[in-house]
Amino acid sequence: MSKVQPLAHDPGSAFPTDSSLPVCVDIYMPNDVNTHISGSDGCFVLAIFQDLLEVVVMGYQTLKGCYFVLACFLSSWVGSCFVMLPTLPLALMAPHIYRSYVHFMMGTWLLFPPAMFELLFGTTIHVSGDKMRRSETSLIIANHRTRLDWMFMWSLTGRAKWSALLKIILRGDLRHLPGFGWAMQFGGFFFLSRKWAKDEQYLTKKIKYLVSSPDPYKLLIFPEGLITIPKLKQSRMRLRRRRAYQS
């Protein structure tokens, strides 16, 4: 089983091959900063100076984050409207050509966010464990500890060279997201309503299609569902008790 774990980033590596975003910024003050200040006033000035530097660094990181979100949104929106949508008639006239085209375009786009992580944020990826074979149909079970787990998994699929074959099981309401949701629908991702009476038939139909297809698809699922943080755990428990009471 493959796993993703953080590694220290190598500044000398022009193209990191090993995910985790840097979450700590260390600010080192020069030795001569407090040459002309002393006592409590000096400590106070140093604290203000350090706070200002932290604000600048945080602002720069925020700017990079906004650029990342905007780039992903615009590329998914443009791809859905102008790259994928015009080819829909091929799904009826030449389904094999349409499927190959969608696989290629989705696989190409799924390399974009991981590349941004590594080149823009300095993320490093280290993959260990058994090799995942591209020729085998696979079920991938992963933890869901952060909001970006699925994007980190794209780094794994990109290195294994089967991004085009990846299908992810997601919450049903994500299909309505402008740009992102549309692209995921074109990519054939799974969207669950989290009501078994409805999802059972839906899953059976989708899985039968994957099994009958000549392509060795990879199905990614997060059994934990929503992120496992205390507030979300409490809200899920209240929801479960409410549903149990109603039934």
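This is a short walk through the sheet, two helices and a surface patch of one predicted model.

Okay, so keep in mind that what you see on the screen is a prediction. Let me start with the sheet. There are four strands in it, and if you read across, the order goes β3, β6, β4, β5. It's an open sheet, and the pairing is parallel. Out at the edges you have β3, residues 138-141, and β5, residues 190-192, each with a partner on one side only. From one strand to the next, the twist averages 20 degrees.

Now look at the middle of that order. How many bridges join β4 to β6? Three of them, between residues 166-171 on β4 and residues 218-221 on β6, with the two strands running parallel. If you want a spot to zoom in on, find K167, which sits opposite L219 in β6.

While we're on β6, let's stay with I221, which belongs to that strand. Setting aside neighbours within four places in sequence, which residues is I221 in contact with? You get L139, I140, I141, A142 and I169. L139, for instance, falls in the range of β3, residues 138-141, and I169 falls in the range of β4, residues 166-171. Even with those contacts, I221 is partly exposed, because its relative accessible area is 27% and the cut-off for buried is under 20%. And back to K167 for a second: 54 residues separate K167 from I221 along the chain, while their C-alpha atoms are 8.9 Å apart.

Next, what lies across the sheet strands β4 and β5? That's helix α7, residues 196-212, and its direction makes an angle of about 170 degrees with β5.

Moving over to helix α4, residues 112-120. Buried residues there are P113, P114, M116, F117 and E118. After α4 comes G122, and G122 has a positive phi, near 75 degrees.

Last stop is the surface. W77, V78, F82 and W182 make up a nonpolar patch, and together they have about 380 Å² of accessible area. Where does the largest share of that patch come from? Helix α1, residues 39-84, which supplies three residues. One of the patch residues in α1 is V78. Buried, exposed or partly exposed? V78 is partly exposed, since its relative accessible area of 38% lies between the 20% and 50% cut-offs.

That's my tour, so let's take questions.

Definitions and conventions. Residues numbered from 1 in each chain as written. Predicted model: local features only at pLDDT ≥ 70, side-chain atom pairs only at ≥ 80, totals over all residues. Heavy atoms only, no water. Pairing = 2+ DSSP bridges. Axes fitted to C-alpha atoms, helices over the stretch in contact; angles between N-to-C directions. Contact = heavy atoms within 4.5 Å. Patch = residues over 30% accessible without salt bridge, like charges linked within 9 Å, V, L, I, M, F, W, Y side chains within 5 Å. Areas by Shrake-Rupley, 256 points an atom, 1.4 Å probe, with all protein chains shown as cover. Salt bridge = Lys/Arg side-chain N within 4 Å of Asp/Glu carboxyl O. Buried < 20%, exposed > 50% of the residue type's maximum accessible area, 1.4 Å probe, protein only.
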